[in-house]
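Student: I would like a close look at a single part of this model, with its setting described as well. Please keep the account plain.

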Amino acid sequence: GHSQPDVQLRAAMYKYLERLDGRIDRQRQVVSDRQEKLAQAKAQWLAARQRREVLENLREKRYDEYRLERQRAEQKSLDEMGSRVRA
């Protein structure tokens with residue numbers, strides 16, 4: 001009579017362990033999927049950051065060109081005023 005409860009308990013334990021293994025496998029798949037999504041998000045973020053840096057560099061370059069043009073125009077105006085005073 002003692003062996004039957006042990007067999008039933010052992011069978012229930014194995015069934016429970018199989019369910020746990022199934023849950024572990026599903027969670028591993030979830031983690032794998034999330035890691036893949038994370039890698040994609042990182043790649044998108046890096047691409048966006050690079051585009052932003054390129055745009056910032058272009059903006060700075062254009063602003064520097066604008067300032068140089070303004071300085072040249074101002075200097076030309078001052079030179080003309082100076083030549084009129086001398087004449």
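How many helices and how many strands does the secondary structure of the chain come to, and which salt bridges do the side chains of the helix form?

Tutor: The model is a predicted one. Its secondary structure comes to 1 helix and 0 strands. The radius of gyration is 37 Å, well over the 12 Å that the globule rule gives for 87 residues, so the chain is more spread out than a compact globule. The principal axes say the same in another form: the C-alpha trace spans about 130 × 15 × 5 Å along them. The helix, helix 1, takes in residues 3-86.

One pair of residues gives a sense of scale. Ser32 and Val85 are separated by 53 residues in sequence, and their C-alpha atoms are 79 Å apart in space. Ser32 lies in helix 1 and is partly exposed, at a relative accessible area of 35%.

Burial can be stated briefly. Of the 87 residues, 0% count as buried, the cut-off for that class being under 20% relative accessible area. The chain exposes about 8800 Å², and carbon and sulfur atoms supply 52% of that area.

Next, the nonpolar side chains. Met13, Tyr14, Tyr16 and Leu17 form a nonpolar patch on the surface, with about 410 Å² of accessible area together. Within this patch, Tyr14 belongs to helix 1. The relative accessible area of Tyr14 is 44%, so Tyr14 counts as partly exposed.

The charged side chains are the part to look at closely. The chain carries 21 positive and 15 negative side chains, and the centres of the two sets lie 2 Å apart. Side chains of opposite charge can pair when their charged atoms come close. With a salt bridge taken as a side-chain nitrogen of Lys or Arg within 4 Å of a carboxyl oxygen of Asp or Glu, the count comes to 6 salt bridges.

One of them joins the side chains of Glu53 and Arg49, at 3.7 Å from N to O. These two residues are 4 apart in helix 1, which means that about one helical turn separates them. Glu53 is partly exposed, with a relative accessible area of 34%, and Arg49 is partly exposed with a value of 34%.

Another salt bridge pairs Arg67 with Asp64, and here the closest N and O atoms are 3.4 Å apart. Both residues lie in helix 1, 3 residues apart, or about one turn of the helix. Arg67 counts as partly exposed at 40% relative accessibility, and Asp64 is also partly exposed, at 41%. Elsewhere, salt bridges that share partners join Arg62, Glu65 and Glu69 into one network.

Within that network, the side chains of Glu69 and Arg62 meet in a salt bridge at 3.8 Å, N to O. Glu69 has a relative accessible area of 45%, which puts it in the partly exposed class. Arg62 is partly exposed as well, with 44%.

To put the pieces together: the chain comes to 1 helix and 0 strands, with 0% of its residues counted as buried. Its salt bridges include Glu53 with Arg49, Arg67 with Asp64 and Glu69 with Arg62.

Technical notes
Residues numbered from 1 in each chain as written. Predicted model: local features only at pLDDT ≥ 70, side-chain atom pairs only at ≥ 80, totals over all residues. Heavy atoms only, no water. Buried < 20%, exposed > 50% of the residue type's maximum accessible area, 1.4 Å probe, protein only. Patch = residues over 30% accessible without salt bridge, like charges linked within 9 Å, V, L, I, M, F, W, Y side chains within 5 Å. Areas by Shrake-Rupley, 256 points an atom, 1.4 Å probe, with all protein chains shown as cover. Rg over C-alpha atoms; globule rule 2.2 N^0.38 Å. Lys, Arg positive; Asp, Glu negative; His and termini not counted. Charge placed at Lys NZ, Arg CZ, Asp CG, Glu CD.
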